[in-house]
Amino acid sequence: MFFTKFTIKNYKCFEEEQALIFAIPTSGKTGSGITYVVGGNNSGKTTLIEGMSIKDQRNIKVSERLTSGDPEFHLYENDMVVRKNVLIRTESSTIKEDPKLAPENTFEIISSRRHWAS
């Protein structure tokens, strides 16, 4: 399974829907398939990563919500939504992950300032 896109809307600094398009690995090409998130200070990099990491039953704080609508987080494989994280109901603060991702399909997020072992 290769995720192709992640969208975020109505969460912290992202009022309008914004999309992160993922790099897709190319067979036999070393280093392909790694997506880098770069940008200036206060441009939404951390918010984007937090959005990808939001799981079932996570509570959204009032300060993280925007008045234009409920927070939405969608993960795509090609053009199909494979995970949708939204509030259980509008007046709620609790996220529902539908469907839940299997542990082997979760993200590996690596800080650029630390070494890691995958």
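**Exercise 1. Is Asn 42 buried or exposed, at 82% relative accessibility?**

*Solution.* The model is predicted: local features need pLDDT of at least 70, side-chain atom pairs count only at pLDDT 80 or more, and totals for chains, interfaces and linings use all residues. Residues are numbered from 1 along each chain as its sequence is written, and side-chain values use heavy atoms, with hydrogens and water left out.

Step 1. Recall the classes: buried means under 20% relative accessible area, exposed over 50%, and partly exposed in between, with a 1.4 Å probe and protein chains only.

Step 2. Apply them: at 82%, Asn 42 counts as exposed.

Step 3. Place the residue: Asn 42 belongs to the loop between strand 2 and helix 1. Its phi is near 60°, a positive value in a residue other than glycine.

Step 4. Consider Asn 10, whose phi is also positive, near 60°. Asn 10 lies in the loop between strand 1 and strand 2, and Asn 10 is buried, with a relative accessible area of 3%.

**Exercise 2. Describe the order of helices and strands in the protein chain, and its overall burial.**

*Solution.* Step 1. Helices (H or I, at least four residues) and strands (E, at least two) are DSSP runs, numbered from the N terminus.

Step 2. The protein chain has 1 helix and 5 strands. Along the sequence the pattern is β-β-α-β-β-β.

Step 3. Of the 118 residues in the protein chain, 29% are buried.

Step 4. Contact means heavy atoms within 4.5 Å. Among the contacts in the protein chain with a separation of 6 or more, 53% come from residues 24 or more positions apart.

**Exercise 3. Which residues of helix 1 are buried, and what covers them?**

*Solution.* Step 1. Helix 1 spans residues 45–53, and its buried residues are Thr 47, Leu 48, Gly 51 and Met 52.

Step 2. These residues cover an arc of only 140° around the axis, so they are on the same side of helix 1. The arc is that of the directions from the helix axis to the C-beta atoms.

Step 3. A general rule is relevant here: an α-helix has 3.6 residues a turn, so residues three or four places apart point the same way.

Step 4. The cover of the buried residues includes strand 1 (5–9), strand 2 (18–21), strand 3 (72–77) and strand 4.

Step 5. Take Met 52 as one case: its relative accessible area is 5%, which makes Met 52 buried. The C-alpha atoms of Met 52 and Phe 6 are separated by 7.4 Å, although the two residues are 46 residues apart along the chain.

**Exercise 4. Describe the surroundings of Arg 83.**

*Solution.* Step 1. Arg 83 lies in strand 4 (residues 80–87).

Step 2. A salt bridge is a side-chain nitrogen of Lys or Arg within 4 Å of a carboxyl oxygen of Asp or Glu. For charge, Lys and Arg count as positive and Asp and Glu as negative, while His and the chain ends are not counted.

Step 3. Arg 83 is buried yet has no salt bridge; Glu 97, the nearest side chain of opposite charge, is 4.1 Å away.

Step 4. The side chain of Arg 83 does reach the backbone oxygen of Met 52, at 3.2 Å.

Step 5. Beyond its neighbours within four places in sequence, Arg 83 is in contact with residues including Phe 6, Gly 51, Met 52, Glu 97, Asp 98 and Pro 99. The peptide bond from Asp 98 to Pro 99 is cis, with omega near -10°, and Pro 99 is found in the segment after strand 5.

**Exercise 5. How many salt bridges does the count give, and which residues are linked in a network?**

*Solution.* Step 1. The count comes to 6 salt bridges.

Step 2. One of them joins Asp 56 and Lys 100, with the closest N and O atoms 3.1 Å apart. Asp 56 lies in the loop between helix 1 and strand 3 and Lys 100 in the segment after strand 5 (95–98), so the pair ties together parts that are 44 residues apart in sequence.

Step 3. Compare the burial of these partners: Asp 56 is partly exposed at 22%, whereas Lys 100 is exposed at 56%.

Step 4. Glu 64 and Arg 58 also meet in a salt bridge, at 3.2 Å from N to O. Glu 64 is buried, with a relative accessible area of 7%, while Arg 58 is partly exposed at 26%.

Step 5. The network of salt bridges links Lys 12, Glu 50, Arg 58 and Glu 64.

Technical notes. Polar contact = N/O pair within 3.5 Å; in protein donor to acceptor, adjacent residues only side chain to side chain.
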